[in-house]
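User: Please take a close look at one part of this model, the metal site, and then place that site within the rest of the chain.

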Amino acid sequence: MSTGDLTSHNQVIVLQDGYSYQDADNESHMRANCTSTLIRCRDGTNVIVDTMTAWDGEHLQTLLHGQGLDAKDIHVVVCTHGHSDHIGCNYLFQTARMHLVGACASNRDLYMDHFGGGDETEELALDSNKEVLVRRTPGHTLSCVSVIVNNSQLGGTVGITGDLFERKEDIDDDSIWRDAGSEDPKSQEEERWKMAEICDFIVPGHGPIFPVNAIVRSKLKIPENK
Ligand SMILES: [Zn+2]
């Protein structure tokens with residue numbers, strides 16, 4: 001694997017793999033936390049995607065310090081959607097120019113017009129090279145977004161998708177993403193295929209990064225007669 005340097009590739013660094021499983025003491029309860037990802041864009045823009053629960057502040061700062069960064073070095077916060085295990089530490093990033101929670105963009109009390117026009121195909125570039133893009137991927141919630149990192153150090157395109165993909169295993173067992181709660185399963189199925197078509201790797205909402213190969217694509221492709 002070539003890691004490239006900071007000026008030739010956008011660096012995707014998974015700070016923590018998320019998880020979700022049934023609580024051992026109460027089978028009607030879940031234990032879950034999100035996958036949290038740092039993107040160091042090659043133009044110097046630093047983006048964090050999904051900030052874990054409100055109880056993870058010190059932990060998340062320690063993870064950033066491990067990358068030589070402080071909370072104040074983050075320029076953009078993206079939460080793939082507004083659930084509590086994806087937005088909990090947004091408060092750490094008070095010098096960021098934008099917090100994007102699902103398709104809602106803000107800074108302090110200023111709310112910006114991105115994704116407000118009703119254009120389903122709108123893409124928002126986070127870097128000056130227009131290689132790191134946010135787009136709507138509705139399904140798990142209707143406001144969900146994903147970040148697409150082109151020209152990554154991993155060799156190709158990385159989709160940071162939040163709960164569009166719960167984890168790698170949901171490719172073979174779609175009850176995993178459906179039972180995790182889907183506000184629009186049909187749309188989620190379509191967006192999963194669209195993302196698989198363009199990505200070489202996927203960072204799911206609650207598991208480790210995984211590669212997208214021809215087998216994965218064949219499983220996600222929606223038959224034409226459906
Ligand atoms: Zn989640």
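Analyst: What follows starts at the metal, moves to a neighbouring topic in the strands, and ends with the chain as a whole. The model is predicted, and the distances below should be read with that in mind.

The zinc ion is held by three residues, H86 through NE2, D163 through OD and H206 through NE2, at distances of 2.0 to 2.1 Å. Along the sequence these donors follow the pattern H-x76-D-x42-H. The two histidines bring together distant parts of the chain, since H86 belongs to helix α2 (residues 84-87) while H206 sits in the loop between β14 (201-204) and β15 (210-211), 120 residues apart. Both H86 and H206 are buried.

Another histidine, H99, is found in strand β7, which covers residues 98-101. H99 counts as buried because its relative accessibility is 18%, which falls under the 20% cut-off. Its side chain comes to 2.9 Å from the backbone oxygen of F93, and F93 is also among the residues that H99 touches beyond four places in sequence, together with V77, N90, C104, A105 and S106.

As for the nonpolar interior, the largest core comprises 22 residues, and those with the most contacts inside it are I39, V78, L126, V134, V147 and I160. Strands β5 (46-49), β6 (76-79), β7, β11 (132-136), β12 (145-152) and β13 (156-162) each contribute at least two residues to this core, with the largest share, 3 residues, coming from β12. V147 shows how these parts meet: setting aside neighbours within four places in sequence, V147 is in contact with I39, V49, V78, V132, L133, V134, V158, G159 and I160. A second core, separate from the one just described, has 17 residues, including C34, I74, C89 and A96. In soluble globular proteins, nonpolar side chains tend to be buried together.

Taken as a whole, the chain has 5 helices and 15 strands. Its radius of gyration is 17 Å, close to the 17 Å given by the globule rule for 226 residues, so the chain is as compact as a globular protein of that length. The C-alpha trace spans about 45 × 40 × 40 Å along its principal axes, and buried residues account for 49% of the 226 residues. Of the contacts between residues at least 6 apart in sequence, 55% join residues at least 24 apart. The accessible surface amounts to about 10,900 Å², and carbon and sulfur atoms make up 49% of that area.

Key
Residues are numbered from 1 along each chain as its sequence is written. This is a predicted model: local features need pLDDT of at least 70, side-chain atom pairs count only at pLDDT 80 or more; totals for chains, interfaces and linings use all residues. Side-chain values use heavy atoms; hydrogens and water are left out. Helices (H or I, at least four residues) and strands (E, at least two) are DSSP runs, numbered from the N terminus. Buried means under 20% relative accessible area, exposed over 50%, partly exposed in between (1.4 Å probe, protein chains only). A polar contact is a pair of N or O atoms within 3.5 Å; within protein, one must be able to donate a hydrogen and the other to accept it, and residues adjacent in sequence count only if both atoms are side-chain atoms. Contact means heavy atoms within 4.5 Å. Donors are N, O and S atoms within 2.8 Å of the metal (3.2 Å for Na, K and Ca); water is not among the atoms, so sites may look incomplete. A nonpolar core is a set of buried Ala, Val, Leu, Ile, Met, Phe, Trp, Tyr and Cys residues joined through side-chain atoms within 4.5 Å. The radius of gyration is taken over C-alpha atoms; the globule rule is 2.2 Å times the number of residues to the power 0.38. Accessible areas come from the Shrake-Rupley method with a 1.4 Å probe; for residues, only the protein chains shown count as cover.
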